Amino acid sequence: GGGGGGGNFPAAAAGGVGDNACAPKAGGSSPHFRFVDARKVLVVRAEGQDRFPMWEVSEAKLKAEIHNSTALLFTGYIASLENGAMTTLGRDGSDFSASIFGKLLEASEVTIWT
C-alpha cells in the first residue's frame, strides 16, 4: 500500500528553510502552521547508496505528527533508517523527499523550486 496522509493538502513542499519563514505577520492571522522534521516521519530502507521509502511506516508516523495542521513545512534531504539512524536521501534528495511527502499527503501537485 502507500500514500494517504489526509488528502486535504493541495501541494507539498520540502526544503531547508527555518521555521521562522512562515511566522505570522504582526497583527495578521496565520494558518495552523507546523514544522516537521523529516527524520521523525520519513523512514527508508537502505540498499547500498539507494534509499527506498517504507510507505506504511512513514504514513503512520506522518499522521501522528501532523495532527490537524493546515500548513506544513518539511525538512528535505534527510530521513531515518529502520533502526532510527539518520540518513540522507543522496543526490537530488530534497526533490525526492518533496515527492515522497506529496505522495504521503495525497497532494494534487508538488512544486520544486530550484
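**View 1. The order of helices and strands along the chain.** Reading along the sequence, you meet the pattern β-β-α-β-β-α-β-β-β-α-β. That gives the protein chain three helices and eight strands, with helices (H or I, at least four residues) and strands (E, at least two) taken as DSSP runs numbered from the N terminus. Keep in mind that this is a predicted model: local features need pLDDT of at least 70, side-chain atom pairs count only at pLDDT 80 or more, and totals for chains, interfaces and linings use all residues. Residues are numbered from 1 along each chain as its sequence is written, and side-chain values use heavy atoms, leaving out hydrogens and water.

**View 2. The open sheet of four strands.** Its order is 4-3-6-7, and the pairing is mixed; two strands pair if DSSP finds at least two bridges between them. Strand 4 (50–53) and strand 7 (86–88) sit at the edges, each pairing on one side only. From one strand to the next, the twist averages 55°, using lines fitted to C-alpha atoms and angles from 0 to 180 degrees between N-to-C directions.

**View 3. Strand 3 beside strand 4.** Strand 3 (residues 43–47) pairs with strand 4 in the antiparallel sense, over four bridges. Look for A46: its bridge partner in strand 4 is R51.

**View 4. Inside the largest nonpolar core.** This core is a set of buried (under 20% relative accessible area, 1.4 Å probe, protein chains only) Ala, Val, Leu, Ile, Met, Phe, Trp, Tyr and Cys residues joined through side-chain atoms within 4.5 Å. Of its 16 residues, L42, L62, F74 and F101 touch the most other members. Helix 3 brings the largest share, three residues.

Terms used
Buried < 20%, exposed > 50% of the residue type's maximum accessible area, 1.4 Å probe, protein only.
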